[in-house]
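Here are my notes on the model you sent. Please read them with the coordinates open.

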Amino acid sequence: MASSFNIDSKLDSTLEDLKKHYGASSKAEVLRKAVALLNIVSRYEGADGSVTLRQGNNDTKIVLR
């Protein structure tokens, strides 16, 4: 089942950048990866809708809601 929706130029540019970064074959592949990642993150988000990303000794709290 195919779906369509409007994408503004800023999102289109971001999708194109991510497509190149990940070597994806299409923007749809990038969107599939993004949805899969958000699905994983939703399992671990805090009550306030936040997740914490750790890189080395640095933690960054991101509020998703």
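**Notes on salt bridges, pocket and fold**

1. Start with Lys61. At 53% relative accessibility, Lys61 counts as exposed, since the cut-off for exposed is over 50%. This is a predicted model, and the accessibility values here are computed from it.

2. What does Lys61 pair with? The side chain of Lys61 meets that of Asp48 in a salt bridge, at 3.0 Å from N to O. The two are 13 residues apart and tie distant parts of the chain: Lys61 sits in strand 2, Asp48 in the loop between helix 2 and strand 1. Asp48 is partly exposed, with a relative accessible area of 40%.

3. The loop between helix 2 and strand 1 holds another bridging residue, Glu45. Glu45 and Arg65 form a salt bridge, again given as 3.0 Å from N to O. Arg65 lies in the segment after strand 2 (58-63), 20 residues from Glu45, and the pair links distant parts of the chain. Glu45 is partly exposed at 22% relative accessibility. Arg65, at 71%, counts as exposed.

4. Which residue does Lys27 bridge to, and at what distance? The partner is Glu16, with the closest N and O atoms 3.7 Å apart. That value passes because the rule accepts a nitrogen within 4 Å of a carboxyl oxygen. Lys27 is in helix 2 (residues 27-44) and Glu16 in helix 1 (residues 9-22); they stand 11 residues apart and connect distant parts of the chain. Both ends are partly exposed: Lys27 has a relative accessible area of 27%, and Glu16 has 24%.

5. Do not treat the Lys27 contact as an isolated pair. Lys27 and Glu16 belong to a network of salt bridges with Asp12 and Lys19. By the rule used, the model has six salt bridges.

6. Now the largest pocket. About 200 Å³ of space lies in it. Leu15, Leu18, Tyr22, Val30, Leu31, Lys33, Ala34, Leu37 and Leu38 form the lining. Helix 1 and helix 2 each supply at least two of these residues. Helix 2 gives the most, with six.

7. How many of the lining residues are nonpolar, polar or charged? The split is eight nonpolar, no polar and one charged. Tyr22 falls in the nonpolar group because Tyr counts as nonpolar under the classes used. Lys33 is in the lining too, and Lys counts as charged.

8. On overall fold, the chain has two helices and two strands. From the N terminus on, their order is α-α-β-β.

9. Check the dimensions. The chain has a radius of gyration of 14 Å, whereas a compact globule of 65 residues would come near 11 Å. Along its principal axes, the C-alpha trace spans about 35 × 25 × 20 Å. Buried residues make up 9% of the 65 residues; the cut-off for buried is under 20% relative accessible area.

10. Last, confidence. Mean pLDDT for the chain is 94, and 100% of its residues reach 70 or more. Confidence is highest in helix 1, at a mean of 97, and lowest in helix 2, at 95.

Methods:
Residues numbered from 1 in each chain as written. Predicted model: local features only at pLDDT ≥ 70, side-chain atom pairs only at ≥ 80, totals over all residues. Heavy atoms only, no water. Helix = DSSP H or I, 4+ residues; strand = E, 2+ residues; numbered from the N terminus. Buried < 20%, exposed > 50% of the residue type's maximum accessible area, 1.4 Å probe, protein only. 1 Å grid on protein atoms, 1.4 Å probe; cavity = no way out; pocket = protein on both sides within 12 Å on 5 of 7 lines; lining within 4 Å. Points joined across faces, edges and corners; volume = space filled by probe spheres on them. pLDDT = per-residue confidence, 0-100. Rg over C-alpha atoms; globule rule 2.2 N^0.38 Å.
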